Amino acid sequence: MSQHPLTKEICEIAHYLYSKGLAPGKSGNISVRFQDTVAITPSGVSLGLLKENEIVLTDMDGQVVAGGNNPSSELQLHLEVYKNKEETAGIVHTHSSYATGFAMSGEKIERLEGFGERSKPFLKMVDYKPPGTMELAKLVGEGLKYEDVVILENHGVVATGEDLNEAALLAEFVEETAKTQFVARVLSKIEFLG
Ligand SMILES: [Zn+2]
C-alpha cells in the first residue's frame, strides 16, 4: 500500500508521536478508519521509521486487503473500538512512560481541562487483559463507548478522535497530564528551605 491520503497521514502522525517520545522503540500502534477500511501500522516496525508502503489495510473483519506486512498485534482492539463508536475515525495506542507508570502502579490519572466530564474526576481504567487478546479488545471497545480515552491497567493508553490528529493530540495531552500529576505529587512530598 502506498501513496494514499490515509497512509500519508498515518506516517506523519507516527513520526510525530515518536519524535515526542510517546512511542519509543517499536512500541505503539495507530490506525485510521475510512468507510469500511482500516489503515493500521504494521507489527514490529518503529513508528519513528515507518514508511507509507509498510502500512496495512484491512476490512472491518480484520482481513488484510492491501499491504504486505502483518498488521499490528492490537488490530482487534482497533476494530472493536471502531465497531462500537461510529464517530471514531482515528486511534492511537501508546505505552508513553508517565501514563503507563500510573497504569502499572494502579494509580488513577486525574482529568484535567480538555477532555471528559468534570463530574468524573479520573480517567477510566480498563482491567488488565494480556496485550493482543480478544478479551482486551472487547474491554477497550466497551470502555471507549462513552469516553475518548482509556488507560489500560498494567499496559498503556488508548486515545480516540474523529480524526487521527485529534487522537494523537489527546494521547499527548494524557501523557502531559500524567507527568504534571507525577511532578506535583513528588514535589508535595519534598520539604523546601525558605
Ligand atoms: Zn500495547
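Two strands are taken to pair if DSSP finds at least two bridges between them. In this predicted model, β1 (29-34) and β5 are joined by four bridges and run antiparallel, and within this pairing I30 stands opposite V92 of β5.

The sheet to which these strands belong is open and has eight strands, in the order β4-β3-β2-β1-β5-β8-β7-β6, with mixed pairing. Its edges are formed by β4 (64-66) and β6, each of which pairs on one side only. At the β4 edge, strand β3 (residues 56-59) is joined to β4 by two bridges, and the two strands run antiparallel. One contact of this kind links T58 to its bridge partner V64 in β4.

Strand β5 (90-94) also pairs with β8, in the antiparallel sense and over five bridges. V92 has A159 as its bridge partner in β8, in addition to standing opposite I30. Five of the five residues of β5 are buried, so the strand is largely enclosed by the rest of the structure. Burial extends to both faces of β5: G90, V92 and T94 lie on one side, and I91 and H93 lie on the other.

Helix α5 lies across β1, β5, β7 and β8, and runs at about 145° to β8. A second packing partner of α5 (residues 164-189) is helix α3 (residues 97-105); the angle between these helices is about 65° and their axes are 7 Å apart. Because angles of 65 to 115 degrees count as roughly perpendicular, α3 is placed roughly perpendicular to α5. The crossing of the two helices is left-handed. On the α3 side the contact is made by Y98, A99 and F102, which meet V174, E175, A178, K179 and F182 in α5. By class, the residues of this contact comprise six nonpolar and two charged, with no polar residue.

Helix α4 (residues 134-143) contains the buried residues L136, A137, L139, V140, G141 and G143. The elements that cover these residues include helix α2 (75-84) and the strands β6 (125-126), β7 (149-152) and β8 (156-161). Of these strands, β6 is an edge strand of the sheet, while β8 is also the strand that pairs with β5. Strands β7 and β8 are likewise among those that α5 lies across.

How values were computed
Residues numbered from 1 in each chain as written. Predicted model: local features only at pLDDT ≥ 70, side-chain atom pairs only at ≥ 80, totals over all residues. Axes fitted to C-alpha atoms, helices over the stretch in contact; angles between N-to-C directions. Parallel < 35°, antiparallel > 145°, perpendicular 65-115°, else oblique. Left-handed = near helix turned anticlockwise from the far one by under 90°. Contact = placed C-beta atoms within 7 Å. Nonpolar A, V, L, I, M, F, W, Y, C, P; charged D, E, K, R; others polar. Buried ≥ 20, exposed ≤ 12 C-beta atoms within 10 Å, placed from the backbone.
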